[in-house]
Amino acid sequence: MNVTGASVSEATNHARHETRDIVLPNQTEYVSQIAVDIGGSLAKIVYFTKGRTGGRLHFKKFETEKIDDCIDFIATLLQEGDHAPQHHEQQQQQQAFGADGMAQPPRRPPRVLKATGGGAHLYYDKLTANLPGVLVEKEDEMDCLITGLNFFISEIPYEVFTYDEQDQEPMQFETRLATDIYPYLLVNIGSGVSILKVTGPDTYTRVSGTSLGGGTLWGLMSLLTEATSFDEMLDMSIKGDNRNVDLLVGDIYGADYTKLGLKATRIASSFGKVFRMGHPDRRGGFQAPDIAKSLLFMVSNNIGQIAYLNARQQNVTRIYFGGCFIRGHPITMNTLSYAIKFWSNGDMKALFLRHEGHLGATGAFLKFRPIRKARHSFSYSENFIPAPHDNDPSKVYGVLEDTNVELVSDQVLDDDDN
């Protein structure tokens, strides 16, 4: 893979919560492999398409319970790849000659599916049975996470950002691609949470984790609300007011608890008001959006505090949050950022990624061939600053989608985007 000049596509035809393509203007060869990261809740796919100039990495996700749909999608991609003109051109260029000097039929590049995550083992037989002729290669989940994250940190401009609603512009992109990125902490929030300390490209240790992750939120939301998808649950939480469900410091003291630095608005007990004595109709007296926001705060605050404690113990100040739990959701990002900033007195930084849910799948994809190392600095738009936007945190994902940060030259992309 040639990642020189790689950038996030800024085309405006992406649906909300969909992950943006990555443009690879200098990848001239067709890339036949596909990668899938199958977790407990979601299966994530990364695949390549060739354009007239360069190509693109695409990102797709399915609920794991719909694994058959995921496999059908992979099968369709493989069929389309077999008939791609660029694929046949590459086969012809790889034509072999026998010992007698006579031309032999062109060799077909192996069709490879890189699979990682727990589902790579759980569904291995199903993958091989439904994808005949495809070599399914399992890759270690944690290795892939680190490989994918290092790729995004060091090679993709305007990928990493911070989010803090206390700032005039809540979302701030990292202004330079990282060159000295170690050590750091990766808090990968999937169905559960794994926390990894990374000290080098291939050196890491799983230092902690928790069972209270995205699967916890999804499960409790399913029990307590009528939401049918994770995105619907996140959207529901935007409309909610957790003060109708949570017991706050102000509900106990009537004001701030200044001696301990606790504001009246701080949550003293998640869902604490549900169990108040004499509350009429406990079950029917609470609204689903309020419950959704309380649950989101509960899980996010817990993850944020565990992340801080591990970062402090490991003497690390940069904490990357990955996994499909986040989804560019402003409440989640602000809660995690606030927790890290509050407990560390501002000494640590919570960092988010535009492709946070596809770290493992991207790492698996890159395991097929070594990456041709790029610049570790911007090739284009050296002084770029994202356009200002209003402070409505609900639009933070819109900012990610709409900000004009195209970093490849116009002549390279003209053919691909038309």
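User: How many Å should the 15 residues of helix 5 span?

Analyst: The expected span of a helix is 1.5 Å times one less than its number of residues. For helix 5 this gives 21 Å, and its end C-alpha atoms are 21 Å apart, which agrees. Helices (H or I, at least four residues) and strands (E, at least two) are DSSP runs, numbered from the N terminus. This is a predicted model: local features need pLDDT of at least 70, side-chain atom pairs count only at pLDDT 80 or more, and totals for chains, interfaces and linings use all residues. Residues are numbered from 1 along each chain as its sequence is written, and side-chain values use heavy atoms, with hydrogens and water left out.

User: Is helix 5 mostly covered or mostly exposed?

Analyst: Buried means under 20% relative accessible area, exposed over 50%, and partly exposed in between (1.4 Å probe, protein chains only). Helix 5 is mostly covered, with 13 of its 15 residues buried.

User: Which residue has a side-chain oxygen that reaches a backbone nitrogen at the start of helix 5?

Analyst: Asp140 does: its side-chain oxygen comes to within 3.1 Å of the backbone nitrogen of Met142.

User: What is the usual sign of phi, and what is the usual form of a peptide bond?

Analyst: Most residues other than glycine have a negative phi, and most peptide bonds are trans. Here Tyr158, not a glycine, has a positive phi of about 55°. Tyr158 sits in the loop between helix 5 (141–155) and strand 8 (160–163), and at 4% relative accessibility it counts as buried. Phe271 also has a positive phi, about 65°. The peptide bond from Tyr182 to Pro183 is cis, with omega near -5°.

Key:
Polar contact = N/O pair within 3.5 Å; in protein donor to acceptor, adjacent residues only side chain to side chain.
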